[in-house]
Amino acid sequence: MKQEQHMPLTIGLIKASLPSYFPQKHGVFEACQNWLEELASTLGARVVVAKDIPMNGAEARNAVADVQAQGADFLLLLHGGFSMGDVAREVARSPLPMGVWATPEPTLVDDIQLNNFVSLNMTMSIARGVRDLSTSPVQWYLGAPGEAALAQRMGQTLRALAAKKALEGAKIGVIGGLAMTFYNMEVSTDTLMRQLGVWCEHIDIHHMTDLMAAQSQADVEAELAAMTKAAEVRGVSDAQMALTARASLAMRAIATEGGYDALTVSDWPALQDNPGMHPGAAFSWLEEKDGLPVASEGDILGAVTQLVAKSLTGKVGCLLDMTSPDFERDQILMWHGGGGPLYMAKDDVAWINHPMIGRGTEDGPIYGAIADYEFAHGECTVIRVSRNGTTRFAVEGVVAEGPAPGFTGCRGWIGGFSSAKGDCSARDVVTSVMEHGLEHHFILVPGLHRAAFEEFAGWCGMGALPVITARDGLPEGPSF
């Protein structure tokens, strides 16, 4: 896929200090650069370094140009010692994402050796005057190389910026457009491109069905063999499993030929008319085997959120509806009847007939297969990029036993919610979803990734959609 071909995130390190302070004497620059290079390499990033130590604004402009010429995506101004404000001002004027770093003093007696914390303070204050921090934030770091807290903070920034870079120029193939009447998932592709750099290209559903028909029997059998090795087939006809394999092969070909990082598919009703199937199991298989996000129902922002989740965690998440809140147990059943990578399963995984497509007809639910499993228990994060890519929502929680197994498909009961504000209830989460008018798909990923997702969103200039505390009555005016 195209995303794996992106150049790595590049950190442009600019060292700064006046000659009357002593970072070289205390090995600050060398230790910081060595540690940063080691941290970057573990996260798939690289470091380039400005040749000279700037002493004034003109030299700072040259330092910025130096690292930019080496491909810098992120400017990191390292105050080894006290630096003049014009250095900070010129670096902050660059449109690139920016961080500022100072280390602790080597001694707390006699003459001050670095005085770099004051420069950190000055730079953050100066940056506010020359940057719009709402759209071009600056992150600060205080700590010595090797400190766990510094590694966590700096590492989170690098993960967040790598996700931002992964979206710039990413392409989403939109097969068949938006599912009928899902007006809440309509997207301004102009706004999305301007905000996040994501391209959307529309593909006629007939191109997919033509490719399905064109697949060779040998390729279909090989795909089926791999799918049936990964999960048991329960009640799905051979003909429907063969159509599922054809759908998988066709979508893989579309993604490869178009260089798409993700797909969205209008999975109903056209595919039930021709060729008479539902591609939910094919979605699961492509997400599991290829790591290719596939969002159902033409959900472009669902696919965008999947790309962010993939960059932050290394794996595709599961696109889900918030389906059945249980406020007494403080849990929400999250579920979807199509798609979901198999690695998220607690134990038993099966390919089964789609439970709703065809239900109530004479033939019954025979149109295509889906994956059926419960999520593994443990910590998780629920995220959504919203409003044409301009806002975000995120909560963390725990997948645990619920009052019932849940509906057929990919599902799990989530409770123990928390947000940036602290602990929150299932009722608070539902209140937030309703009153923010959030689109009805969310991405669930194992592990705790809210802070990294929110930092990613901050670097992209997205507004926050915070958790709203549940209450009786109407919202208090247009506050969201």
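**Notebook: a helix pair, a strand residue and two cores**

I looked first at helix 8 (residues 217-230) and helix 9 (residues 238-258), which pack at an angle of about 105° with their axes 9 Å apart; axes are lines fitted to C-alpha atoms, for helices over the stretch in contact, and angles run from 0 to 180 degrees between N-to-C directions. Helix 8 is therefore roughly perpendicular to helix 9, a term that covers 65 to 115 degrees. Helices (H or I, at least four residues) and strands (E, at least two) are DSSP runs, numbered from the N terminus.

The model is predicted, so I note that local features need pLDDT of at least 70, side-chain atom pairs count only at pLDDT 80 or more, and totals for chains, interfaces and linings use all residues. Residues are numbered from 1 along each chain as its sequence is written, and side-chain values use heavy atoms, with hydrogens and water left out.

Next I looked up Ile-414, which sits in strand 17 (residues 410-419) and counts as buried because its relative accessibility is 0%, buried meaning under 20% relative accessible area with a 1.4 Å probe and protein chains only. Beyond its neighbours within four places in sequence, Ile-414 is in contact (heavy atoms within 4.5 Å) with residues including Asp-330, Cys-380, Val-399 and Leu-444.

Last, I turned to the largest nonpolar core, a set of buried Ala, Val, Leu, Ile, Met, Phe, Trp, Tyr and Cys residues joined through side-chain atoms within 4.5 Å. Among its 55 residues, Val-304 and Phe-456 touch the most other members, and helix 12 (residues 300-313) gives the largest share, eight residues. Another core, of 41 residues, lies apart from it and has Val-220 and Leu-224 among its members.

Technical notes: Parallel < 35°, antiparallel > 145°, perpendicular 65-115°, else oblique. Buried < 20%, exposed > 50% of the residue type's maximum accessible area, 1.4 Å probe, protein only.
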